[in-house]
Amino acid sequence: EEIQGIPTQEPAFGLQAIWAPAAQRDRAERLGYTIVEPSAVLATHLTEIIMNFAAEIVSRQDVQVLVDNLKKQSAAVVDELTPAILTLGEVQKVLQHLVRERVSIRNLETIFETLADFGRRTKDVEVLTEYVRHALARQICADYVDEEGRLLVVTLAPELEQEILTAARKADTAEYIPVAPERADAIAARAVDALQPLVASGHDPIVLT
């Protein structure tokens with residue numbers, strides 16, 4: 001059943017929602033609606049805005065401060081990495097990629113060690129970021145496991161994975177996938193449908209590929 005209120009969109013995952021008066025709360029709960037206090041919605045919305053634009057705030061000066069702080073406890077890894085292997089700007093771009101993907105960069109020592117290991121092989125920021133993700137795998141997964149240590153995910157059909165892998169092309173700057181727009185829209189729509197049960201049950205929408 002519908003309840004009276006103002007239709008809106010939940011800020012974190014874009015779900016349909018309703019701003020409803022407090023008098024409707026008991027009825028909404030009986031009907032199975034998920035109730036969220038206005039203060040929590042505002043906090044979530046502000047957090048989403050900050051997270052969405054956090055990568056743009058990571059300046060070279062910020063990175064220099066991080067480097068200086070890390071050097072106090074791990075001088076060897078800092079001296080090895082920059083500027084001998086990667087410039088401050090290249091390190092900044094890797095950190096921006098991670099922040100944009102909402103991967104915590106607090107474990108800076110592991111990030112720098114990984115960049116030092118692979119920075120001589122490639123200067124491709126996308127590839128370096130991928131190496132860092134691998135090094136932070138436990139940390140990334142730990143952020144999403146439930147109370148029982150399980151990771152709740154949606155997986156792609158093997159046929160779809162193969163279709164994407166076959167279509168992938170490499171350019172000078174990065175890889176790209178020339179999939180027809182209507183096909184991309186269909187994949188996105190099906191992904192949203194598959195992820196809705198996870199989101200509705202309060203879990204992060206994770207796609208395992």
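## Pockets and a patch: worked exercises

L46 sits in helix α2, which spans residues 38-57. Keep in mind that this is a predicted model.

**Exercise 1.** Work out whether L46 counts as buried or exposed, and which residues make a nonpolar surface patch with L46.

*Solution.* Start with the cut-off: exposed means over 50% relative accessible area. L46 has 55% relative accessibility, so L46 counts as exposed. Next, look for its partners: I49 and F53 join L46 in a nonpolar surface patch of about 300 Å².

**Exercise 2.** Describe the largest pocket: its volume, the residues closest to its centre, and the elements that line it.

*Solution.* First, the volume: the largest pocket comes to about 1000 Å³. Then go to the middle: 34 residues line this pocket, and A17, I18, T34, I35 and V36 are the closest to its centre. Now for the elements: β1 (6-9), β2 (16-19), α1 (25-30), α2 and α10 (181-200) give two or more residues each to the lining. Helix α2 gives the most, with five residues. Last, sort the lining by type: 19 residues are nonpolar, 11 polar and four charged.

**Exercise 3.** Do the same job for the second largest pocket, and say how its lining divides by residue type.

*Solution.* Here the space is about 780 Å³. Of the 18 lining residues, R133, I140, I206, V207 and T209 lie nearest the centre of the second largest pocket. At least two lining residues come from each of α7 (125-135), α8 (137-142) and β6 (207-208). Sorting the lining of this second largest pocket gives 11 nonpolar, two polar and five charged residues.

Conventions:
Residues numbered from 1 in each chain as written. Predicted model: local features only at pLDDT ≥ 70, side-chain atom pairs only at ≥ 80, totals over all residues. Heavy atoms only, no water. Patch = residues over 30% accessible without salt bridge, like charges linked within 9 Å, V, L, I, M, F, W, Y side chains within 5 Å. Areas by Shrake-Rupley, 256 points an atom, 1.4 Å probe, with all protein chains shown as cover. Salt bridge = Lys/Arg side-chain N within 4 Å of Asp/Glu carboxyl O. Helix = DSSP H or I, 4+ residues; strand = E, 2+ residues; numbered from the N terminus. Buried < 20%, exposed > 50% of the residue type's maximum accessible area, 1.4 Å probe, protein only. 1 Å grid on protein atoms, 1.4 Å probe; cavity = no way out; pocket = protein on both sides within 12 Å on 5 of 7 lines; lining within 4 Å. Points joined across faces, edges and corners; volume = space filled by probe spheres on them. Nonpolar A, V, L, I, M, F, W, Y, C, P; charged D, E, K, R; others polar.
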